[in-house]
Protein chains: 4
Amino acid sequence: MNLTIDAKSPLPAYQQVIQAIKLEVLSGGLCDGDLLPSIRDLAKLLKLNPNTVAKAYYALEAEGFSENRSGSGSRVRVPAGRRDALRQAMFENELKNFLEKAVSLGFSLEDIQQFIERIKNEPSHR
Amino acid sequence: MNLTIDAKSPLPAYQQVIQAIKLEVLSGGLCDGDLLPSIRDLAKLLKLNPNTVAKAYYALEAEGFSENRSGSGSRVRVPAGRRDALRQAMFENELKNFLEKAVSLGFSLEDIQQFIERIKNEPSHR
Amino acid sequence: MNLTIDAKSPLPAYQQVIQAIKLEVLSGGLCDGDLLPSIRDLAKLLKLNPNTVAKAYYALEAEGFSENRSGSGSRVRVPAGRRDALRQAMFENELKNFLEKAVSLGFSLEDIQQFIERIKNEPSHR
Amino acid sequence: MNLTIDAKSPLPAYQQVIQAIKLEVLSGGLCDGDLLPSIRDLAKLLKLNPNTVAKAYYALEAEGFSENRSGSGSRVRVPAGRRDALRQAMFENELKNFLEKAVSLGFSLEDIQQFIERIKNEPSHR
DNA sequence: GTGGTCTAGACCACC
DNA sequence: GTGGTCTAGACCACC
């Protein structure tokens with residue numbers, strides 16, 4: 001899991017927690033039925049108040065990502081099919097947002113392709 | 001200028017104003033020496049309180065993007081050379097952030113290239 | 001802390017707050033890591049609006065003097081080494097400004113030395 | 001005359017004009033009966049709006065420093081005796097303010113004397 | 001409790 | 001008209 005919270009980010013901490021867990025689920029690091037870390041543990045790890053982490057967990061449950069059972073923790077509730085659809089949708093959304101910004105900065109799709117090609121050839125990438 | 005503020009965005013309104021103006025400057029829509037819209041006008045346009053827009057203008061000045069003068073408005077202070085460097089840096093930063101997310105979602109650079117190729121061939125793009 | 005704000009001063013209230021806190025830090029009254037008074041408390045003490053004090057705290061953070069954290073207050077972030085350098089720089093700057101004014105009023109360095117000598121010998125000083 | 005206005009100073013421009021003219025009179029650069037520069041000329045020189053300079057001139061007259069005669073300009077009205085008293089008072093006030101700041105920064109009168117001694121021996125000063 | 005953002009509306013200096 | 005400061009008071013995220 002991307003385990004650091006940026007206190008200076010305009011994105012509230014509890015939303016950063018939501019994003020990190022979603023990413024973990026969508027990337028396959030956490031699968032349907034897996035147990036999420038306990039609120040207390042995650043709070044300690046991220047240096048947040050347990051209330052803040054709990055808020056994120058409730059939101060994830062409200063969105064149908066997980067199921068909180070008092071006493072037995074929270075479990076991921078995203079079957080593989082739905083996960084793949086969400087993964088694809090999130091990717092396309094990120095791509096769309098990025099392309100919009102890039103284009104408004106004056107970069108063309110070709111410029112972007114060249115940049116990515118260059119990165120592929122960087123020693124650090126291979 | 002991208003002239004709407006998303007009230008539901010986690011990004012505070014004044015930061016959305018900062019980003020919109022930066023983008024406008026970096027994309028060349030506003031040049032060194034150009035007058036920004038007045039705080040009151042922009043506030044009216046964006047349906048924000050003048051104080052909120054003033055906060056954005058104050059931050060832009062603090063970052064060296066503009067110069068505010070009582071009585072004669074706010075002017076862009078980004079010479080073309082610095083603008084180009086900033087434009088490049090912002091692009092690379094956005095690209096890096098996007099690639100990080102995409103990779104953690106399980107997409108490879110090749111996948112991304114294919115997506116962009118597909119977009120280039122869409123009728124709406126041509 | 002020099003805890004009064006001069007409402008008639010041409011120096012805006014929030015800048016007076018900035019100066020007072022800087023002075024307190026540079027003189028050693030507040031040390032690295034110390035908690036500043038809360039915005040609301042200081043506002044009440046100085047009979048200012050919380051927004052005005054918040055503006056000062058925001059500026060102090062932007063200058064790297066302190067760190068504000070929602071929920072846990074604002075803390076001084078000036079290691080002793082940097083503090084001493086800043087203290088020296090501020091003193092020399094004040095001295096330079098004073099000497100400039102004094103000289104333009106027609107007083108020589110010798111005149112100033114005599115005045116200070118006289119003050120040293122005043123009963124109120126000893 | 002100290003002929004620049006700092007637009008960024010918290011001290012309003014018209015007060016900066018007042019201070020500059022007072023200093024000029026107290027230092028003997030302008031004597032009782034001398035004509036002040038015309039509002040229009042000084043405004044052009046300082047890159048200010050004539051209204052701003054006029055405001056300073058009216059304030060100076062209100063304080064008894066000058067006399068504005070419509071059509072024939074403004075003349076200094078500070079006899080030598082009063083001027084010397086004012087000069088002395090302003091100096092002592094500046095010295096007092098400086099010493100207060102220096103002491104609260106933790107510098108002693110002896111420290112200050114040593115600094116001034118050092119400046120006297122600098123080649124740039126001699 | 002803490003700081004961060006925002007609205008509504010006032011007054012000031014400057015143009 | 002312009003930007004800069006300030007009050008009064010609200011709501012949010014976080015502790």
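Two residues are in contact here if their C-beta atoms, placed from the backbone, lie within 7 Å. The model on screen is predicted, and the tour begins with a pair of protein chains to which this criterion applies.

**Stop 1: chains A and B**

Select chains A and B together. Between them, 27 residues of chain A are in contact with 27 residues of chain B. On chain A, the elements that give two or more residues to this side are helix H1 (13-26), helix H4 (80-104) and helix H5 (109-121). Helix H4(A) gives the most, with 9 residues. Colouring this side of chain A by residue class shows 17 nonpolar, 6 polar and 4 charged residues. Of the interface residues of chain A, 100% are also interface residues in chain B, so the copies meet through the same surface.

Next, superpose the two copies. Chain A can be laid on chain B with an RMSD of 0.2 Å, by a turn of 179° and a shift of 0.0 Å along the axis. The two chains are thus related as by a two-fold rotation axis.

**Stop 2: the H4 helices of chains A and B**

Restrict the selection to residues 80-104 of chain B and the matching helix, H4(A). How do the axes of H4(A) and H4(B) cross? They come within 10 Å and cross at roughly 175°, which makes H4(A) roughly antiparallel to H4(B).

Show the side chains at this contact:

- From H4(A), display A:Phe91, A:Glu94, A:Phe98, A:Lys101 and A:Ala102.
- From H4(B), display B:Phe91, B:Glu94, B:Phe98, B:Lys101 and B:Ala102.

The residues of this contact divide into 6 nonpolar, no polar and 4 charged.

**Stop 3: DNA strand E**

Select DNA strand E and the residues around it. Of the 32 residues there, B:Ala13, B:Asn49, B:Gly71, C:Ser38 and D:Ala13 come nearest. Three chains give elements with two or more residues to this surface:

- Chain B gives helix H1 (13-26) and helix H3 (50-62).
- Chain C gives helix H2 (39-46), helix H3 (50-62), strand E1 (66-69) and strand E2 (73-76).
- Chain D gives H1 and H3.

Helix H3(C) gives the most to the surface near DNA strand E, with 4 residues. By class, this surface holds 12 nonpolar, 16 polar and 4 charged residues.

**Stop 4: DNA strand F**

Move the selection to DNA strand F. Which residues come nearest to this strand? Of the 32 around DNA strand F, they are A:Ala13, B:Ser38, C:Ala13, C:Asn49 and C:Gly71. The elements that give two or more residues are again spread over chains:

- Chain A gives H1 and helix H3 (50-62).
- Chain B gives helix H2 (39-46), H3, strand E1 (66-69) and strand E2 (73-76).
- Chain C gives helix H1 (13-26) and H3.

Here H3(B) gives the most, with 4 residues. The surface near DNA strand F divides into 12 nonpolar, 16 polar and 4 charged residues.

**Stop 5: H1 and H3 within chain D**

Finish by selecting residues 13-26 and 50-62 of chain D, which form helices H1 and H3. The axes of H1(D) and H3(D) come within 8 Å and cross at roughly 50°. The two helices are therefore oblique to each other, and their crossing is right-handed.

For the contact itself, show D:Ala13, D:Tyr14, D:Val17, D:Ile18 and D:Ile21 of H1(D). On H3(D), add D:Thr52, D:Val53, D:Lys55, D:Ala56, D:Ala59 and D:Leu60. These residues divide into 9 nonpolar, 1 polar and 1 charged. One of them, D:Ala13, also comes among the nearest residues to DNA strand E.

Methods: Residues are numbered from 1 along each chain as its sequence is written. Chains are lettered from A and ligands numbered from 1 in the order in which they are written. This is a predicted model: local features need pLDDT of at least 70, side-chain atom pairs count only at pLDDT 80 or more; totals for chains, interfaces and linings use all residues. Copies are superposed by least squares on the C-alpha atoms of residues with pLDDT of at least 70 in both. Ala, Val, Leu, Ile, Met, Phe, Trp, Tyr, Cys and Pro count as nonpolar, Asp, Glu, Lys and Arg as charged, and the others, Gly among them, as polar. Axes are lines fitted to C-alpha atoms, for helices over the stretch in contact, and angles run from 0 to 180 degrees between N-to-C directions. Angles under 35 degrees count as roughly parallel, over 145 as roughly antiparallel, 65 to 115 as roughly perpendicular and the rest as oblique. A crossing is left-handed if the near helix is turned anticlockwise from the far one by less than a right angle, and right-handed if clockwise. A residue is near a molecule or strand if its C-beta atom, placed from the backbone, lies within 6 Å of it.
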